[in-house]
Amino acid sequence: MSATISAPKKAIRIDARQAASAAAAYFKELYPNVVSFSLEEVELSEDGSHWLITLSFEIPANPHLGGVLVQFQPPKTKFKVFKVDAKTGKVVAMKIRKLE
């Protein structure tokens with residue numbers, strides 16, 4: 001009787017581009033009025049089960065603050081972190097990313 005030794009199966013998972021695309025599509029669904037956003041960070045979790053994708057976008061200055069001052073206020077940049085399942089490509093969480 002002979003035993004066959006097989007190599008351990010490598011877990012099939014999505015790559016960083018696919019994870020970023022999933023996060024971007026999810027973002028567009030939730031924020032349809034935001035026309036411009038940027039990819040900031042891509043990180044695979046230590047256990048390889050999730051991708052962490054950070055997107056940034058700008059919020060214009062509040063026009064209700066009054067007069068000329070609004071023209072000189074820069075837009076505020078906001079960051080969102082999306083947790084994407086590395087096997088399915090589905091977004092499972094979204095959090096606010098605060099800069100330290």
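These are my notebook entries on a predicted model.

**Overall layout**

I started with the fold elements. The protein has 2 helices and 4 strands, and from the N terminus they run α-β-β-α-β-β. I then checked burial: 26% of the 100 residues count as buried. For the surface I got about 8100 Å² exposed, with carbon and sulfur atoms supplying 55% of that area. I also looked at how far contacts reach along the chain. Taking contacts between residues at least 6 apart in sequence, 47% join residues at least 24 apart.

**The β3/β4 hairpin**

Next I went to the C-terminal pair of strands. β3 pairs with β4 (residues 91-96) in the antiparallel sense, over 5 bridges. I picked out one pairing: Phe82 has Met94 in β4 as its bridge partner. Between the two strands of the hairpin sit 5 residues, and Gly89 takes a positive phi near 80 degrees there.

**Asp85**

Which strand holds Asp85? I found Asp85 in β3, which spans residues 76-85. Asp85 is buried, yet I see no salt bridge for it. The nearest side chain of opposite charge belongs to Lys87, and that is 7.1 Å away. I listed what touches Asp85, skipping neighbours within four places in sequence: Ile14, Ser49, His50, Lys90 and Val92.

**The β1–β2 loop**

Ser49 turned up again when I moved on to Ser45. Ser45 is in the loop between β1 (37-44) and β2 (50-59). Is Ser45 buried or exposed? Its relative accessibility is 18%, so I log Ser45 as buried. A polar atom of the Ser45 side chain lies 3.2 Å from the backbone nitrogen of Ser49. So I have Ser49 down twice, here with Ser45 and earlier in contact with Asp85.

**The salt bridge**

How many salt bridges does the structure hold? I count 1. Glu41 forms a salt bridge with Arg97, and the closest N and O atoms are 3.2 Å apart. Glu41 lies in strand β1 and Arg97 in the segment after β4, so this pair ties together parts that are 56 residues apart in sequence. I checked accessibility at both ends. Glu41 comes out at 38% relative accessibility, so it counts as partly exposed. Arg97 is at 27%, so Arg97 also goes down as partly exposed.

Technical notes
Residues are numbered from 1 along each chain as its sequence is written. This is a predicted model: local features need pLDDT of at least 70, side-chain atom pairs count only at pLDDT 80 or more; totals for chains, interfaces and linings use all residues. Side-chain values use heavy atoms; hydrogens and water are left out. Buried means under 20% relative accessible area, exposed over 50%, partly exposed in between (1.4 Å probe, protein chains only). Lys and Arg count as positive and Asp and Glu as negative; His and the chain ends are not counted. A salt bridge is a side-chain nitrogen of Lys or Arg within 4 Å of a carboxyl oxygen of Asp or Glu. Contact means heavy atoms within 4.5 Å. Accessible areas come from the Shrake-Rupley method with a 1.4 Å probe; for residues, only the protein chains shown count as cover. A polar contact is a pair of N or O atoms within 3.5 Å; within protein, one must be able to donate a hydrogen and the other to accept it, and residues adjacent in sequence count only if both atoms are side-chain atoms. Two strands pair if DSSP finds at least two bridges between them.
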